[in-house]
Structures are given as structure tokens and as C-alpha cells.
Amino acid sequence: MQTVQFTELNHENIEELNGYCLRSKPHADGYKNKNNWLKDQMQYGLKYIKLLENGKQAGFIEYTASETSSRVIHADNYLIIHCLWVNIAGKGYGTALLYKCIEDARKQNKYGVAVVTNQDTSWLPSKDIFLKNGFSTIQEAPHGFELLVHKLEVAAPSPFFPNDWEERVEASNELTILRTNQCPFVNIATENVLEGAKELGLDVKIMDLKSKEELMELSPTPYGIFGVIYKRQLVTFHRLTVHSVIKRLKAIMKENL
């Protein structure tokens, strides 16, 4: 008989249960950083709920208040979904996790729930599940980003993206990585950029964004947690292989000859 269970991480059980992503490498710096980040963010209301099927991890959702979220959105009094992932399709698990967040927003008297999607990468959730569950696309941003919202109050103000993405990218001419610890794969993504830059003889500046204010001011994309800029161009906002890093950097260097 199939048994489905929802388990919410908290300060008492996180050391035993841990997060979902990169769990096969519990000694990796990225994994440790993520769990430490979770512990810190839980004091501000972040929720991390895992779904178990017969005791095995089948998916999870991570969300928090807009005021402390890792997404670059103006969205006062909304909950923001960071991640929604299931590895068993066709059983409605994604929808079940999503409605955990929507019901929580209702209990907290929030205006609704918002999420940033991007169809070009698996680093963000697909928009399809949200469109099927009452969300609407209300805005787009460069590089394929979309802002989707599920309002609980029809007359509530809508969330919105900043409008200065080009200026943010043009602010840096040197190779710069802007990052947070919200995703455990950020360390791997950083290492690949460092290795690619080393082969090309390039110095790298790493900026660890420590506050929501820094994130809102400096992040080159709505994703917020990882961005690479070089010669006033966006190199990437997600993990690239070392080969792809070198290829992208060479292309930008050629353009600037």
C-alpha cells in the first residue's frame, strides 16, 4: 500500500532529515552551506516541505515571505516560491505541494503567492504546473524570466520586477560572480567559472550577497542567487560546464576586441 507523507523541516529535525538537493553529497560545501542557510532563514518564516512516498523522498517545495526571499521581485505581503520539484510524475505530487503553500498564504493573510520561472533552464520550476493551478503570467524580464502570480485578493497590488536589468549588467566590466547560498549547486557553478577563468588567465571577483537589500540592488536577473557578469554582459545565471564557461567568455572577449 502506498503511503504519502509531508514533512516540514525545522531547527530540530534538519540535521537528521536535511535538504533535498545534492543530498547524495552530504559533505560537499554547497550542501553544508544550504543547510546552514535554511537554519538561518527559518527564523524569518521560510518553509521547506518534503513529500515522502513509502518513506522515500519524492519531492519538495521551498517558499518564504517576499520581504526575505531570494528572488528579485517587489511583492509586499506575498509568499514567494523558490523551488518546487518532484521526481515522481503523474501522481499530483507537485500540485499537492503547491497547495500547501497557497493554503499557508491564506492562513497568513497574504495577498497571494508568486513565483519566478524560466523555460530555458531546470534551475527554476517550470511554469506549466502553476498555470494549471490558478497562476497567471503578469510580467517578463530579459533572458526568459517570467513572473507568475496566484492572487488571494483580487484587488491586491500585483508584484513586479525591477526595470533596470541592463544597468545592473553594465555596472561591471571585470569578471564577477554574484551569489547566495540558497542553492547547494552554487558552489559547483562557482568552481566551474573559476576553472574556466583560470585557463583564460582571467581574475574573478566574487560577491556574496548577504542581505535582501544587496540582492534587490545588485542581482543581474530575477533569479537572484547566482549571476556571472563579464565586460558588461551576462555570462550566465545558472551552472555551466567548464567547457561552456570558456566558450562563453571567449565569445565575449572576441566581441570586445
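Tyr111 is partly exposed in this predicted model, with a relative accessible area of 24%. Its partner in an aromatic pair, Tyr78, counts as buried at 1% relative accessibility. Eight aromatic pairs are counted in the structure. In the pair formed by Tyr78 and Tyr111, the ring centres lie 5.8 Å apart and the planes stand at 65°, so the arrangement is edge-to-face. Tyr78 belongs to strand E4, while Tyr111 sits in the loop between H3 and strand E5 (112–118), so the pair ties together parts that are 33 residues apart in sequence.

A second pair joins Phe145 and Phe237. Phe145 is buried, with a relative accessible area of 1%, and Phe237 also counts as buried, at 7%. The centres of these two rings are 4.7 Å apart and their planes meet at 55°, so the pair is tilted. Because Phe145 lies in strand E7 and Phe237 in the loop between E11 and helix H8 (242–255), parts that are 92 residues apart in sequence are tied together by this pair. Phe145 and Phe237 also take part in an aromatic cluster with Trp123, Tyr223 and Phe226.

The two phenylalanines turn up again around Thr221, a residue of the loop between H7 and strand E10 (226–230). Is Thr221 buried or exposed? With a relative accessible area of 1%, Thr221 is buried. Neighbours within four places in sequence aside, the contacts of Thr221 are Val72, Phe145, Trp165, Leu234 and Phe237.

Confidence in the model can be read from its pLDDT values. The mean pLDDT of the protein is 93, and 98% of its residues reach 70 or more. Strand E7 (residues 145–151), which begins with Phe145, has the highest mean among the elements, 98, and helix H1 (residues 14–17) has the lowest, 79.

Turning to the backbone, most residues other than glycine have a negative phi. Asn77 has a positive phi, near 65°, and is placed in the loop between strand E3 (56–65) and E4. Asn77 is partly exposed, with a relative accessible area of 22%. Lys231 likewise has a positive phi, near 50°. This lysine is found in the loop between E10 and strand E11 (233–236), and at 24% relative accessibility Lys231 counts as partly exposed.

The pockets complete the picture. The largest pocket has a volume of about 810 Å³. Its lining is made up of 36 residues, and those nearest the centre are Leu84, Trp85, Val86, Ser122 and Pro125. Which elements each supply at least two residues of this lining? They are strand E4 (78–86), helix H3 (93–107) and helix H4 (128–131), with E4 giving the largest share, five residues. Sorted by class, the lining of the largest pocket holds 19 nonpolar, 11 polar and six charged residues.

The second largest pocket has a volume of about 440 Å³. Of the 19 residues that line this pocket, Trp37, Gln41, Leu209, Lys210 and Ser211 lie nearest its centre. Helix H2 (29–42) and helix H7 (212–218) are the elements that give two or more residues to the lining, and H2 gives the most, with four. The class counts for the second largest pocket are four nonpolar, nine polar and six charged residues.

Key:
Residues are numbered from 1 along each chain as its sequence is written. This is a predicted model: local features need pLDDT of at least 70, side-chain atom pairs count only at pLDDT 80 or more; totals for chains, interfaces and linings use all residues. Side-chain values use heavy atoms; hydrogens and water are left out. On a 1 Å grid over the protein atoms alone, a cavity is a set of points where a 1.4 Å probe fits but cannot get out, and a pocket is an open set with protein on both sides within 12 Å along at least five of seven lines; lining residues have an atom within 4 Å of a point. Grid points are joined across faces, edges and corners, and a volume is the space filled by probe spheres set on the points. Ala, Val, Leu, Ile, Met, Phe, Trp, Tyr, Cys and Pro count as nonpolar, Asp, Glu, Lys and Arg as charged, and the others, Gly among them, as polar. pLDDT is the predictor's confidence in each residue, from 0 to 100. Buried means under 20% relative accessible area, exposed over 50%, partly exposed in between (1.4 Å probe, protein chains only). Contact means heavy atoms within 4.5 Å. Rings of Phe, Tyr and Trp (its six-membered ring) pair if their centres lie within 6.5 Å; planes under 30 degrees apart count as stacked, over 60 as edge-to-face and the rest as tilted.
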